[in-house]
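I opened a fresh page for this model. I wanted to look at its helices, its core and its ligand site.

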Amino acid sequence: MPSPLICPSILASDFARLGEEVAALETAGADWVHVDVMDGHFVPNITIGPDVVKALRPHTKLPFDVHLMVAPVDPWLEAYRDAGADYLTVHPESGPHLHRTLGRIRQLGLKAGVVLNPGTSLSVLEEVIDLVDLVLLMSVNPGFGGQSFIPSTLKKIERARALLDAAGSRAHLQVDGGVTAANAGACVAAGADALVAGTAVFRGGPPAYADNIRALKTA
Ligand SMILES: O=C(CO)[C@@H](O)[C@H](O)COP(=O)(O)O
Ligand SMILES: [Fe+2]
């Protein structure tokens with residue numbers, strides 16, 4: 001099995017030292033930096049905005065994978081492009097016209113991602129499969145780090161993998177929420193090629209990041 005891309009969620013990092021944290025992730029072997037943007041409206045938590053993403057950009061060369069939990073999302077796309085995002089991932093529930101939103105993200109020169117909550121049907125993906133570079137399946141309900149992986153996600157990963165392969169799509173299939181070394185192997189076996197992990201990467205502080213990332217890659 002090829003090793004997955006590891007995308008640490010900085011939601012679990014030390015917010016007082018964010019610049020050092022993203023630099024440490026690069027040194028530790030992370031592939032992307034996953035940035036959880038929460039507005040206190042679409043999800044019951046507030047995190048960071050485009051100014052923080054912009055401030056972090058000089059601290060690492062890793063791609064920024066920005067998971068937008070913001071509604072309405074459309075007015076914010078350009079600000080994250082200008083801040084240095086590489087991937088913008090949106091929930092279908094965060095705006096009235098998902099197809100238009102994904103097209104707009106690509107028009108801005110970015111990679112477009114769609115993210116499906118545990119309760120959102122994969123049928124949404126069928127309608128936009130040619131417009132996405134990344135499919136993110138939530139394995140927890142969004143809003144907080146440190147939650148437990150919902151086991152039924154594994155079957156959903158298999159079904160999403162089948163849809164992507166049938167369509168000849170080369171989009172990444174990413175999983176987010178409660179990912180640990182104990183379930184990472186099952187996610188990859190089911191067809192995921194990118195794993196988001198917050199708690200499992202940042203546990204133990206900077207000296208542990210490289211081992212934590214290696215454990216996820218080789219699980
Ligand atoms: O988008 C989210 C939560 O809404 C995630 O990216 C979490 O932040 C992942 O954290 P862990 O579950 O790995 O601690
Ligand atoms: Fe996320």
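**Entry 1: helix α6.** I began with the length of α6, residues 153-166. At 1.5 Å a residue, its 14 residues should span 20 Å, and the end C-alpha atoms are 20 Å apart, so the two agree. I keep in mind that this is a predicted model.

Next I asked which residues of α6 are buried. I found Thr153, Leu154, Lys156, Ile157, Ala160 and Leu164. They cover an arc of only 155° around the axis, which means they sit on the same side of α6. I then checked the other side of α6, where Lys155, Ala162, Asp165 and Ala166 are exposed.

What covers the buried residues of α6? I noted α5 (123-128), β6, β7 (172-176) and α7 (181-190) among the elements that do. After α6 comes Gly168, and its phi is positive, near 70°.

**Entry 2: helix α1.** I made the same kind of search on α1, residues 18-27. Its buried residues are Glu21, Val22, Ala24 and Leu25. Seen down the axis of α1, these fall within an arc of 160°, so they line one face of the helix. The cover over them includes β1 (5-8), β2, α2 (50-56) and α9 (209-218). Just after α1, I found Gly29 with a positive phi of about 100°.

**Entry 3: the core.** I looked up the largest nonpolar core, which has 66 residues. Which members touch the most others? I listed Val66, Leu68, Leu88, Val135, Cys187 and Leu195. Strand β6, residues 134-138, gives the most to this core, with 5 residues. I had already met β6 as part of the cover over α6's buried residues.

I picked Leu88 for a second look. I left aside its neighbours within four places in sequence. Its contacts are then Val66, Leu68, Leu77, Tyr80, Ile105, Leu110, Ala112 and Gly113. Two of the names, Val66 and Leu68, were already on my list of core members that touch the most others.

**Entry 4: ligand 1.** How many residues surround ligand 1? I read 22, and the closest are Ser9, Pro142, Gly145, Gly198 and Thr199. The shell divides into 9 nonpolar, 11 polar and 2 charged residues. I also asked which elements supply at least two residues each. They are β2 (33-38), β8 (194-197) and α8 (199-202). Strand β2 had come up before, in the cover over the buried residues of α1.

Terms used:
Residues are numbered from 1 along each chain as its sequence is written. Chains are lettered from A and ligands numbered from 1 in the order in which they are written. This is a predicted model: local features need pLDDT of at least 70, side-chain atom pairs count only at pLDDT 80 or more; totals for chains, interfaces and linings use all residues. A residue is near a molecule or strand if its C-beta atom, placed from the backbone, lies within 6 Å of it. Helices (H or I, at least four residues) and strands (E, at least two) are DSSP runs, numbered from the N terminus. Ala, Val, Leu, Ile, Met, Phe, Trp, Tyr, Cys and Pro count as nonpolar, Asp, Glu, Lys and Arg as charged, and the others, Gly among them, as polar. A nonpolar core is a set of buried Ala, Val, Leu, Ile, Met, Phe, Trp, Tyr and Cys residues joined through C-beta atoms within 7 Å. A residue is buried if 20 or more other C-beta atoms lie within 10 Å of its own, exposed if 12 or fewer, and partly exposed in between; C-beta atoms are placed from the backbone. Two residues are in contact if their C-beta atoms, placed from the backbone, lie within 7 Å. The expected span of a helix is 1.5 Å times one less than its number of residues. The arc is that of the directions from the helix axis to the C-beta atoms.
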